[in-house]
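Work through the exercises below with the structure open. Try each task before reading its solution.

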Amino acid sequence: MGDAKGEADRRIGRRALLIGGAAAAVGTAVLARDELAHLWWRLPGVEKPRVAGAVDFRGARWVAASTANYRRADRPDDYGIDRVVIHVTQGSRASAVKAFQDPGHKAAAHYIVGQDGRITQMIRELDVAFHAGNREYNEHSVGIEHEGFVDRPQDFTAAMYAASARLTAGICRRYGIPVDRDHIIGHVEVPGTDHTDPGPHWDWDRYMGLVRREYTAAENAAKNPARNAEKNQE
Ligand SMILES: [Zn+2]
């Protein structure tokens, strides 16, 4: 069994050996950053600590997706996160939650935003969710579903836009993602997809305006914590 320190030392030794071995097999030190990072996350004891039920967005409700619908990773260290992909569920929140819990569904997004503005998180941002139908886009993005149907504009409520914009602004701040339409895209814009969501009724101008406003407000609050505290006391 051994003591904890000895165990940790052996782990580090084994990790160094494996990485050294893999690098030697490739020949020279030409391993791409992603490949090298891969070797790291496959090894035991190198992932960021996780707490059961933890969410990345304050206020989100945690419901775990089936592990068949995502790949465990250690983003943004192994894969940088540089995109947010906007989806529409084509059904109720309950039906989307059920689908993402189903190991046979083969797909799930990180978040579902309801028409009531409530946010459900089903996969940690650390992990690669199978939501975009494109491996590279999955690896480098966060997927957000919105409860409703693409052909029903009334499904996209003010509460939904507001909550989703706060969520996306937070993601952009966490990973340094520019708030623009190159980095906040619809599923329809993912190369190779046959999906059309979020569809023509999703109001991109309105949404991007809200994301920008939330982003700026959060930046200002972070810059002036004292003034913010005063405001809260008024
Ligand atoms: Zn989609």
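**Exercise 1. Pairing around β7**

Task: Find the bridge partner of Ile112 in β7, then place β7 in its sheet.

Solution.
- Step 1. Ile112 has Glu145 as its bridge partner in β7.
- Step 2. Widen the view to the two strands. β4 and β7 are parallel, with 3 bridges between them.
- Step 3. Turn to β3. Strand β3 (residues 83-88) runs parallel to β7 (residues 141-146), and 6 bridges join the two. One pair to check is Arg83, whose bridge partner in β7 is Ser141.
- Step 4. Read off the sheet. It is open, has 6 strands and mixed pairing, and follows the order β1-β5-β4-β7-β3-β8. The edges are β1 (61-62) and β8 (184-186), each pairing on one side only.

**Exercise 2. Confidence**

Task: State how far the model can be trusted along the chain, using pLDDT.

Solution.
- Step 1. This is a predicted model. The protein chain has an average pLDDT of 85, and 76% of the residues reach at least 70.
- Step 2. Look at residues 1-31. Their pLDDT is below 50. In the model this stretch makes 13 contacts beyond near neighbours in sequence.

**Exercise 3. Burial of β7**

Task: Decide which residues of β7 point one way and which the other, and whether they are buried or exposed.

Solution.
- Step 1. Sort the side chains. Ser141, Gly143 and Glu145 point one way from β7. Val142, Ile144 and His146 point the other way.
- Step 2. Check burial. Every one of these residues is buried. The strand is mostly covered, with 6 of its 6 residues buried.
- Step 3. Add a helix. α3 (residues 93-101) lies across β4 (111-113), β5 (119-121) and β7. The helix runs at about 170 degrees to β4.
- Step 4. Set this against the chain. Of the 234 residues in the protein chain, 31% are buried.

**Exercise 4. The nonpolar core**

Task: Which residues touch the most other members of the largest nonpolar core, and which elements supply it?

Solution.
- Step 1. Recall the general trend. In soluble globular proteins, nonpolar side chains tend to be buried together.
- Step 2. Name the best-connected members. The largest nonpolar core has 42 residues, and Val84, Ala108, Tyr111, Val113 and Ile144 touch the most other members.
- Step 3. List the suppliers. Two or more residues each come from β3, α3, β4, β6 (128-129), β7, α5 (158-175) and α6 (204-223). The top contributor is α5, with 8 residues.
- Step 4. Zoom in on Tyr111. Leaving out residues up to four places away in sequence, its contacts include Ala60, Ile119, Ile144, Glu145 and Leu167.

**Exercise 5. Two partly exposed residues**

Task: Why do Arg212 and Glu189 count as partly exposed?

Solution.
- Step 1. Recall the cut-offs. A residue with 20 or more other C-beta atoms within 10 Å is buried, and one with 12 or fewer is exposed.
- Step 2. Take Arg212, in helix α6. Arg212 is partly exposed because 15 other C-beta atoms lie within 10 Å.
- Step 3. Take Glu189, in the loop between β8 and α6. Glu189 has 16 C-beta neighbours inside 10 Å, so Glu189 is partly exposed.
- Step 4. Trace the sequence separations. Arg212 and Ala165 are 47 residues apart in sequence, yet their C-alpha atoms are 8.2 Å apart. Glu189 and Val85 are 104 residues apart in sequence, with 8.9 Å from C-alpha to C-alpha.

Terms used: Residues numbered from 1 in each chain as written. Predicted model: local features only at pLDDT ≥ 70, side-chain atom pairs only at ≥ 80, totals over all residues. Pairing = 2+ DSSP bridges. Helix = DSSP H or I, 4+ residues; strand = E, 2+ residues; numbered from the N terminus. Contact = placed C-beta atoms within 7 Å. Axes fitted to C-alpha atoms, helices over the stretch in contact; angles between N-to-C directions. pLDDT = per-residue confidence, 0-100. Core = buried A, V, L, I, M, F, W, Y, C linked by C-beta atoms within 7 Å.
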